[in-house]
Amino acid sequence: MNDKALCAALSDLFIDNQIDYDAIATVAKDFTLEHVETVLFEWVAPVCYTNALAPTPSVWSGFEPEQLWSEIVEYRRKLTATGFIGRWISHGRQIYLRHKFAQEWEELAKCIRKVSA
């Protein structure tokens, strides 16, 4: 597995459909729990969270993996090029995302531990 596959799996947390935690965990089990958490909240969530918060989400069956990866790469590129204010805003967004999606992360982490055992 690679980070691209991990991002595609984690993006399923943000679709307008039933979340299959076990399916995500089968991909995520190949990584450390810390890495999965970082990728979720620092790479995937900033790109995908608006879909989960929309009254009528545009993505309900899954994000297109190549498009998702391109958006994540672009987001990370912009973040490294931004100044102090941009990083401060990004940090605030991460705090919000970690709080908003804490229950999903806890459930996923539990499934990853179960699959990895």
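Student: How far apart are the mean positions of the positive and negative charges of the protein?
Tutor: In this predicted model, the two mean positions are 6 Å apart. The protein carries 12 positive and 16 negative charges.

Student: And what does the accessible surface come to?
Tutor: The accessible surface of the protein is about 7,000 Å². Carbon and sulfur atoms account for 54% of that area.

Student: Turning to the fold, how many helices and strands are there?
Tutor: The protein has 6 helices and 0 strands. Along the sequence the pattern reads α-α-α-α-α-α.

Student: Why is the protein described as being as compact as a globular protein of that length?
Tutor: The globule rule gives 13 Å for 117 residues, and the radius of gyration of the protein is 14 Å, close to that value, so the protein is as compact as a globular protein of that length.

Student: What box do the C-alpha atoms fill?
Tutor: Taken along the principal axes, the box is roughly 40 × 30 × 25 Å.

Student: What share of contacts joins residues at least 24 apart?
Tutor: The share is 81%, counted among contacts between residues at least 6 apart in sequence.

Student: Now the interior: what percentage of the residues is buried?
Tutor: Buried residues make up 37% of the 117 residues.

Student: How many residues does the largest nonpolar core have, and which have the most contacts inside it?
Tutor: The largest nonpolar core has 34 residues. Those with the most contacts inside this core are L10, L13, F14, V36, V44 and L108.

Student: Which helices each supply at least two residues of this core?
Tutor: They are α1 (3–10), α2 (21–28), α3 (33–53), α4 (65–81) and α6 (102–116). The largest share comes from α3, with 10 residues.

Student: Is there a general tendency behind such a core, and what is it?
Tutor: In soluble globular proteins, nonpolar side chains tend to be buried together.

Student: Take F14: which residues is it in contact with, leaving aside neighbours within four places in sequence?
Tutor: F14 is in contact with L40, V44, A45, C48, Y49, N51, A52, F63 and F101. V44, one of these partners, is also listed with F14 among the residues with the most contacts inside the core.

Student: Different topic, then: where is Q94, in which helix?
Tutor: Q94 is placed in helix α5, which covers residues 84–100.

Student: Is Q94 buried or exposed?
Tutor: Q94 has a relative accessible area of 14%. The cut-off for buried is under 20%, so Q94 is buried.

Student: What does Q94 touch?
Tutor: Not counting residues up to four places away in sequence, Q94 touches F41 and E42.

Student: And R87, where does it lie?
Tutor: R87 also lies in helix α5. At 44% relative accessibility, R87 counts as partly exposed. R87 touches L79 and T82, with residues up to four places away in sequence not counted.

Student: How far is R87 from V27 in space?
Tutor: The C-alpha to C-alpha distance between R87 and V27 is 30 Å, and they are 60 residues apart in sequence.

Student: Finally, E37: which helix, and which contacts?
Tutor: E37 lies in helix α3 and counts as partly exposed at 26% relative accessibility. Leaving aside neighbours within four places in sequence, E37 is in contact with R98 and W105.

Student: What separates E37 from A9?
Tutor: Their C-alpha atoms are separated by 13 Å, and the two residues are 28 residues apart along the chain.

Key:
Residues numbered from 1 in each chain as written. Predicted model: local features only at pLDDT ≥ 70, side-chain atom pairs only at ≥ 80, totals over all residues. Heavy atoms only, no water. Helix = DSSP H or I, 4+ residues; strand = E, 2+ residues; numbered from the N terminus. Rg over C-alpha atoms; globule rule 2.2 N^0.38 Å. Buried < 20%, exposed > 50% of the residue type's maximum accessible area, 1.4 Å probe, protein only. Contact = heavy atoms within 4.5 Å. Areas by Shrake-Rupley, 256 points an atom, 1.4 Å probe, with all protein chains shown as cover. Lys, Arg positive; Asp, Glu negative; His and termini not counted. Charge placed at Lys NZ, Arg CZ, Asp CG, Glu CD. Core = buried A, V, L, I, M, F, W, Y, C linked by side-chain atoms within 4.5 Å.
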